[in-house]
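Let's take a stroll through this model together, starting from one helix and moving on to what surrounds it.

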Amino acid sequence: MIVAERKPVAEIKNSLAPYDKVLILGCGTCVKTCFAGGEDEVAVLASALRLALKQSGQQLRFEELTVERQCEDEFIQEAGPAVGRNAAVLSLACGAGVQALARRFAAVPVLPGVNTTFIGVLEKPGLFTEECAGCGDCQLATFGGICPFTRCAKKLLNGPCGGSRQGRCEVHPDTDCAWHLIIERLNALGQMDRLKTYVPPKSWNRSLAGGPRKLIRKDHVL
Amino acid sequence: MRTSSLPKITVFHCANCLDPVRVPMASSACDLKFVALACSSMVKDVFLLRAFEAGADAVVVLVCPEGACRYVEGNLRAKKRVQWVKDLLDEIGMDGRRLALHNLASAEAVPAIVDQTLAVLPQSEPVPA
């Protein structure tokens, strides 16, 4: 999932200053799962903003709505009437959702209410960890399903640095050493021979370094 | 809408730790409103914030003593959620001390908790109506 976190209330409050009616629009997919932008978070943020604005004697009307996904036009359309009733939209979706909204509603300012942070998983209740850098050239088969590009602080591709202590990274001691995990996993799978293959330096031209990417599925193009 | 000039305290409580009828005396120094929940873990963050929006000067959450929750960890979850909202209140400049959680062993302890809550209030700015 795409993991995000709410922006500070003060920053959001400042961005809303020019408007009198704002739609707070949640997204019911990734950001809901990471407690940043689902229906509950929309309600909490609206309430917190109303209280914060009262403190400073300001008045602003909020409408609350959550759609299933803000990154797909099919779902965004549901928000059309609500968007039309407001002077601006505060989107609690990831950056893709914010931009999809802006594309759909050209005449209404769309403001981000969360900071999109990474592609990750729910490791345990309340803890989300980054697992994928979206590099565009997945090599997880080589590394036993654990990505050293994302999870090794040094992004080493041909074995551990030797600095880990008791399975923990020397750069971030609260984090598991990715190479420790890779070796344990390949050992358990009986695939340690995979590590005999030299992995050349990664080409990042299929990642964001090569510019914004596109995916075309010709069988779905109309 | 506020109907009296007394400080208004909204008390969310687990129905298993308190029956408001058994509270020894209703404090005359404040306007108390009790909201019963089947378990304190049901107290969502938005309920607490909306209590302030509805005019409460302080919000108190009364939960069972630790280790005594009928649903094992409901009171622990409530504690974490209340702390989350206290931090949010601090962030928006409303003073997180307006919100407090207490483990309640018996209804007799409520007046002392109310007094403790009222003692914090003069140091906080009134919630704008």
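## What the helix packs against

In this predicted model, the buried residues of α2(B) pack against elements of both chains: α3 (39-55) of chain A, and α1 (45-53), β3 (58-63) and β4 (99-103) of chain B.

## Length and faces of α2(B)

Helix α2 of chain B covers residues 74-91. Its 18 residues, at 1.5 Å a residue, should span 26 Å, and the end C-alpha atoms are indeed 26 Å apart, so expectation and model agree.

Which residues of α2(B) are buried? They are B:Gly74, B:Asn75, B:Ala78, B:Val82, B:Val85, B:Lys86, B:Leu88 and B:Leu89. Viewed down the helix axis, these buried residues of α2(B) fall within an arc of 160°, so they line one face of the helix. It helps to recall that an α-helix has 3.6 residues a turn, so residues three or four places apart point the same way. On the other side of α2(B), you will find B:Lys80 and B:Asp87 exposed. Just after the helix, B:Gly93 adopts a positive phi of about 80°.

## The nonpolar cores

The largest nonpolar core counts 73 residues, and those with the most contacts inside it are A:Ile24, A:Val31, A:Ala48, A:Leu92, B:Val61, B:Leu62 and B:Val63. The largest share of this core, 9 residues, is supplied by α3(A).

A second core, separate from that one, has 8 residues, including A:Ile146, A:Cys152, A:Ala178 and A:Ile182.

## A look around B:Val63

Leaving aside residues up to four places away in sequence, B:Val63 touches B:Cys14, B:Cys17, B:Ser40, B:Asn75, B:Ala78, B:Leu101, B:Asn103 and B:Leu104. Among these, B:Asn75 and B:Ala78 are buried residues of α2(B).

Notes:
Residues numbered from 1 in each chain as written. Chains lettered and ligands numbered in written order. Predicted model: local features only at pLDDT ≥ 70, side-chain atom pairs only at ≥ 80, totals over all residues. Helix = DSSP H or I, 4+ residues; strand = E, 2+ residues; numbered from the N terminus. Expected span 1.5 Å × (residues − 1). Buried ≥ 20, exposed ≤ 12 C-beta atoms within 10 Å, placed from the backbone. Arc of directions from axis to C-beta. Contact = placed C-beta atoms within 7 Å. Core = buried A, V, L, I, M, F, W, Y, C linked by C-beta atoms within 7 Å.
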